[in-house]
Amino acid sequence: MSDTRNYESAFSLFSKSKVAVLKNKENFFVIMILPWLISYIGEVLQFGLGGQPWTWNGDPAASLNPLSSMLGLVSFVLTIIFIPAYVKLALEASKGNVTNPKELITSSLKYFWRLVGLYLLLAILMALGLIFFIVPGLIVIKRYLLSAYYLVDQDLGIRESMSRSAEAAKGNGMAIWGVIGVTILLAFTAVLPLVGAIVSTALTTLYACAPALRYFELGGDKASSLTSAAPVAPVV
């Protein structure tokens, strides 16, 4: 089915996402950058910069492994805890709102188990689709990319969120794939030597609001000031 609506190109969403992210830079630092930074420090302690292990009394990084593992665990726990805060932050930032990290985290906790259930279900569906047939797995990714935004923004259940996301994706495949494609492209900068991880994290963070902006553009119930601030141009 061909796309039925006009929408901004995925690349043009970068500038709007950047505005939203920088306006909420404290929140994005706590919710996105901090867990990654803790993990990155742990990796550097264990493997060194550029993959060259540190040595301690002639033993490569042996005494640093426990600390590295602990930092990795802390990063993982924070990432899980911040799942609902990340989705809510992207939505609020896309609407031009500014909150503080404490308020954001506490107000989003009520969505925690629903989002965990949603992501687990989607992970299973995508894995099954990609294992047995590539195409069904890709269809799952496209149809349900916006599910979390429906769940949090409209306080819906898992099933209804997935249904709304699938409905929004109908006839708007390129709008969804464009955002996915740009995100992957930005993430690929991680292959750059030495600074790749930092560059990739910075770029993907600046693009973090793009899916939420697309959510508003393709049927979110509440208008986003950023998506309505400029005329919408068709994707080429």
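## Close-up views of a predicted model

**Overview. Of the 236 residues of the protein, 42% count as buried.** The model is predicted. The protein has 12 helices and two strands. From the N terminus on, the order of elements is α-α-β-β-α-α-α-α-α-α-α-α-α-α. Contacts with a separation of 6 or more were sorted by distance along the chain: residues 24 or more positions apart account for 73% of them. The protein exposes about 12300 Å². Carbon and sulfur atoms supply 70% of that area.

**View 1. The largest nonpolar core has 29 residues.** The residues with the most contacts inside this core are Val87, Leu91, Leu115, Leu118, Tyr149, Val152 and Tyr215. Several helices give two or more residues each: H4 (83–94), H6 (112–132), H7 (134–144), H8, H9, H10 (173–187) and H12 (210–217). H8 supplies the largest share of the core, five residues. In soluble globular proteins, nonpolar side chains tend to be buried together.

**View 2. Leucine 115 is one of the residues with the most contacts inside the largest core.** Which residues does leucine 115 touch, not counting residues up to four places away in sequence? They are Ile83, Pro84, Val87, Ala148, Leu151 and Val152. Two of these partners, Val87 and Val152, are also listed with the most contacts inside the core. Another core lies apart from the largest one and has 22 residues. Among its members are Ala10, Val21, Val179 and Cys209.

**View 3. Helix H1 spans residues 13–23.** Its buried residues are Leu13, Lys16, Ser17, Ala20 and Val21. Seen down the axis of H1, these buried residues fall within an arc of 135 degrees, so they line one face of the helix. Val21 also belongs to the core of 22 residues.

**View 4. A nonpolar patch lies on the surface.** Leu73, Phe76, Val77, Ile81 and Leu109 form this patch. Together they have about 460 Å² of accessible area. Leucine 73 lies in helix H3, residues 65–81. Is leucine 73 buried or exposed? Leucine 73 is exposed, because its relative accessible area is 53% and the cut-off for exposed is over 50%.

**View 5. Aspartate 155 has a positive phi.** The phi value is near 55 degrees, in a residue other than glycine. Most residues other than glycine have a negative phi. Where is aspartate 155 placed? The residue sits in the loop between helix H8 (147–153) and helix H9 (158–169). Aspartate 155 is partly exposed, with a relative accessible area of 40%.

**View 6. Serine 165 is a buried residue of helix H9.** Its relative accessibility is 1%, so serine 165 counts as buried. Serine 165 touches Arg143, Tyr144, Leu145, Leu146, Ser147 and Tyr150, not counting residues up to four places away in sequence. Glycine 220 is 55 residues from serine 165 along the chain. Their C-alpha atoms are separated by 9.7 Å.

**View 7. Glutamate 160 and arginine 164 form a salt bridge within helix H9.** How many residues apart are the two partners? They are four residues apart, about one turn of the helix. The closest N and O atoms are 2.9 Å apart. Glutamate 160 counts as partly exposed at 35% relative accessibility. Arginine 164 also counts as partly exposed, at 30%.

**View 8. Glutamate 167 and lysine 170 meet through their side chains in a salt bridge.** The N to O distance is 3.5 Å. Glutamate 167 counts as partly exposed at 49% relative accessibility. Lysine 170 counts as exposed at 51%. The cut-off between these two classes is 50%, so the partners carry separate labels with values of 49% and 51%.

**View 9. Glu92, Lys95 and Asp153 are joined into one network by salt bridges that share partners.** Lysine 95 forms a salt bridge with glutamate 92. Their closest N and O atoms are 3.4 Å apart. Are these two residues buried or exposed? Both lysine 95 and glutamate 92 are buried. A search of the whole structure finds eight salt bridges.

Definitions and conventions:
Residues are numbered from 1 along each chain as its sequence is written. This is a predicted model: local features need pLDDT of at least 70, side-chain atom pairs count only at pLDDT 80 or more; totals for chains, interfaces and linings use all residues. Side-chain values use heavy atoms; hydrogens and water are left out. Buried means under 20% relative accessible area, exposed over 50%, partly exposed in between (1.4 Å probe, protein chains only). A nonpolar core is a set of buried Ala, Val, Leu, Ile, Met, Phe, Trp, Tyr and Cys residues joined through side-chain atoms within 4.5 Å. Contact means heavy atoms within 4.5 Å. Patches are made of residues with over 30% relative accessible area and no salt bridge: like charges are joined within 9 Å, nonpolar side chains (Val, Leu, Ile, Met, Phe, Trp, Tyr) within 5 Å. Accessible areas come from the Shrake-Rupley method with a 1.4 Å probe; for residues, only the protein chains shown count as cover. A salt bridge is a side-chain nitrogen of Lys or Arg within 4 Å of a carboxyl oxygen of Asp or Glu. The arc is that of the directions from the helix axis to the C-beta atoms.
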